[in-house]
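This report goes through the strands and helices of one structure and how they are arranged. Please look at the sequence and the model first.

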Amino acid sequence: MTSVRDTSTTAPSRPAGPSCNGPGCGKPIVHIPGKRPKVYCSDACKKRAKRAIAAALATPETPSLTATGATTESKRDAGFSSKRKSPSTAGQKGCVTPAPRGRDPYTDSEARRTGKPDRRDENFERRDRHQTVSLNEAFKACGYRLTDGVAELLWRPGEATFGKMCRCNNVHICPWCMSRILAVRSSNVQLAADGLADAGYGLHLGTNTLRHFERMAFGTIRKGMRFGLVAVLHDGWAGAYGSAGRRWRKLRDEFGIVGYERAFEDTFGWGSGFHLHWHAMWVTETTFDPDAQERFRDALALAWAESVEAAGGYTVSQTCDRPGCYCEGKGHGFDLRPLNQGEEAQAARYLYKDGDKAKGGTAKIGLELTGQAFKDGQQYGRMGPLELGDAAAAELLRLGQPGPYVEKYREREFGVFQVRKHYRSQNLNRLIKALEIPQDTRTEEQITNDTEGLVAIALIPARIWYQHIARRPGRRLDLIKVAETYGLPGVRRLVESWGLVWGKDVLDPPTPAAPAAPGDLDADQLRFEVMSEEEATFRAARRAANAAREDEIAAALHRFRNPKEPVQVKVSLKKPLRAKPRPAA
């Protein structure tokens with residue numbers, strides 16, 4: 001049975017009168033007397049409804065049983081680096097993955113090949129919804145604003161996108177850019193962890209948290225405005241593990257710490273507020289026995305607790321009296337678990353999940369690796385950044401004005417500015433290069449650039465783009481999906497169904513100029529080839545005369561700039577002076 005996620009919001013009511021029965025549409029339909037009543041507002045809604053009915057009637061596969069009798073549920077994550085660059089979300093076990101709403105599985109070649117749904121469409125639609133709530137101008141321009149006065153529809157078999165479009169590259173708030181960037185980074189940290197483990201280095205997965213309450217602000221680390229939870233989180237890390245501190249040098253020398261890989265994560269829940277924390281993969285020169293591992297954990301935890309208090313935060317949790325708690329009585333402010341062989345992939349997946357939590361709470365760091373059930377007393381209703389954006393967009397649509405979810409979303413959006421989602425220490429980076437572990441070194445701009453290798457099949461002027469496509473929900477994604485499936489003929493038919501004229505409103509790309517054949521002469525060569533002999537002689541004489549006048553022009557300029565200096569006559573040895581004849585007496 002397909003589960004429906006609850007975002008604590010009510011769906012907007014359908015307008016009075018006949019409306020479209022398409023999934024998620026509900027547009028009013030005008031009934032013409034004497035004609036057959038319409039059920040759907042367009043053919044697209046009719047096709048989506050048919051696909052939804054077919055998916056509902058399909059019989060799901062019978063889940064297998066484990067040795068304990070529990071069903072083995074499929075995970076929502078599908079590896080680190082998929083074709084569409086969507087990162088996996090670790091630890092989110094749930095029911096069998098439902099078919100995407102309004103999505104033809106045969107429009108995606110990767111879904112056909114792997115049999116697993118793709119999240120590209122979900123991220124595209126999420127970006128459109130979150131842009132209605134956001135105040136970040138760069139994010140609002142992502143995939144919407146043109147850079148050159150015209151939009152290009154780029155295509156190759158099975159893939160399509162828009163060219164000459166703004167990209168925000170915001171890994172904290174943009175679902176589309178986030179999915180692509182985090183997919184590459186998660187792949188990098190997985191390759192690094194595997195290579196370091198094979199080389200004999202010790203790997204330890206830790207988490208650093210703060211005590212937080214609903215009244216506490218998210219804060220910011222902007223210059224001159226530093227306050228709130230995010231400032232305490234950064235100052236606490238710098239004080240505990242800053243490379244210039246005496247405490248860090250002592251920890252590094254005592255336990256042989258090579259470096260660390262750190263990731264930022266945050267969630268939100270009513271009643272407890274924002275939950276900000278670090279996840280870090282510590283790398284040591286050797287693996288530790290249980291006693292050394294315990295001392296390593298206690299030393300890192302003590303440094304973190306003292307540094308957070310010095311930064312102005314509440315005392316972190318260092319004790320716990322809950323029976324059977326996974327922390328073993330050492331509190332929940334810091335946790336460190338050794339990574340055995342084969343667990344590095346889980347570490348990478350947890351470090352770079354995109355914050356899209358399953359309903360029921362956030363997954364804890366130790367439970368992700370050990371596979372245990374959620375701990376007792378875990379709070380429900382916590383949301384990751386993307387779910388908070390979904391709730392804020394739904395609230396704004398329902399109320400028509402900002403509400404509590406919108407305020408929290410915008411507070412977080414302001415606070416994550418200049419926060420580094422990912423950081424790798426320099427020593428660890430040098431070690432990875434020395435071991436020749438392969439890494440994807442592309443910049444964020446290069447990662448989000450999905451136009452490489454695609455050719456333009458249509459040009460959309462700015463006026464048509466903003467008036468008929470960008471400001472009409474769903475049309476951008478429809479163009480891409482139709483281009484991927486049917487190519488240029490399908491795109492032309494879809495554009496004409498919107499009332500646009502092909503060749504006037506939407507243009508064919510210009511034909512590229514044919515390259516010159518080998519041995520052809522360029523324009524200058526042709527111009528000199530047809531020059532007459534008289535013209536060539538005249539131009540040569542003029543060039544010689546201009547060269548001869550260089551000294552004369554220089555002397556004239558010198559006399560003009562220095563009128564008080566005496567005039568010096570320059571004697572040329574090439575032309576001897578001739579004595580003038582004296583007049584007769």
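## A helix across the sheet

Helix α8 (residues 290-310) lies across β3 (202-209), β4, β5 and β6, and runs at about 155° to β6. The model is a predicted one.

## The five-stranded sheet

The strands crossed by α8 belong to an open sheet of 5 strands, in the order β6-β3-β5-β4-β7, with antiparallel pairing. Because β6 (334-338) and β7 (422-424) each have a single partner strand, they stand at the edges, and one side of each has no neighbour in the sheet. On average, neighbouring strands of this sheet are turned by 15° against each other, direction ignored.

Within the sheet, strand β4 (residues 257-269) pairs with strand β5 (residues 273-284) in the antiparallel sense over 12 bridges. In this pairing, Asp266 is opposite Leu276 of β5. Helix α7 (residues 246-255) also packs on the sheet, where it touches β4 and β5; the direction of α7 makes about 120° with that of β4.

## Strand β1 and its partners

Strand β1 (residues 150-156) is largely enclosed by the rest of the structure, because 5 of its 7 residues are buried. β1 pairs with strand β8 (residues 455-461) in the antiparallel sense over 6 bridges, and Ala151 stands opposite Ile460 in β8.

β1 also pairs with strand β2 (residues 159-163), again in the antiparallel sense, over 5 bridges. Here Leu154 has Thr161 of β2 as its bridge partner. The two strands β1 and β2 form a hairpin with 2 residues between them, and Gly158 in the turn has a positive phi of about 85°.

Key
Residues numbered from 1 in each chain as written. Predicted model: local features only at pLDDT ≥ 70, side-chain atom pairs only at ≥ 80, totals over all residues. Heavy atoms only, no water. Pairing = 2+ DSSP bridges. Helix = DSSP H or I, 4+ residues; strand = E, 2+ residues; numbered from the N terminus. Axes fitted to C-alpha atoms, helices over the stretch in contact; angles between N-to-C directions. Contact = heavy atoms within 4.5 Å. Buried < 20%, exposed > 50% of the residue type's maximum accessible area, 1.4 Å probe, protein only.
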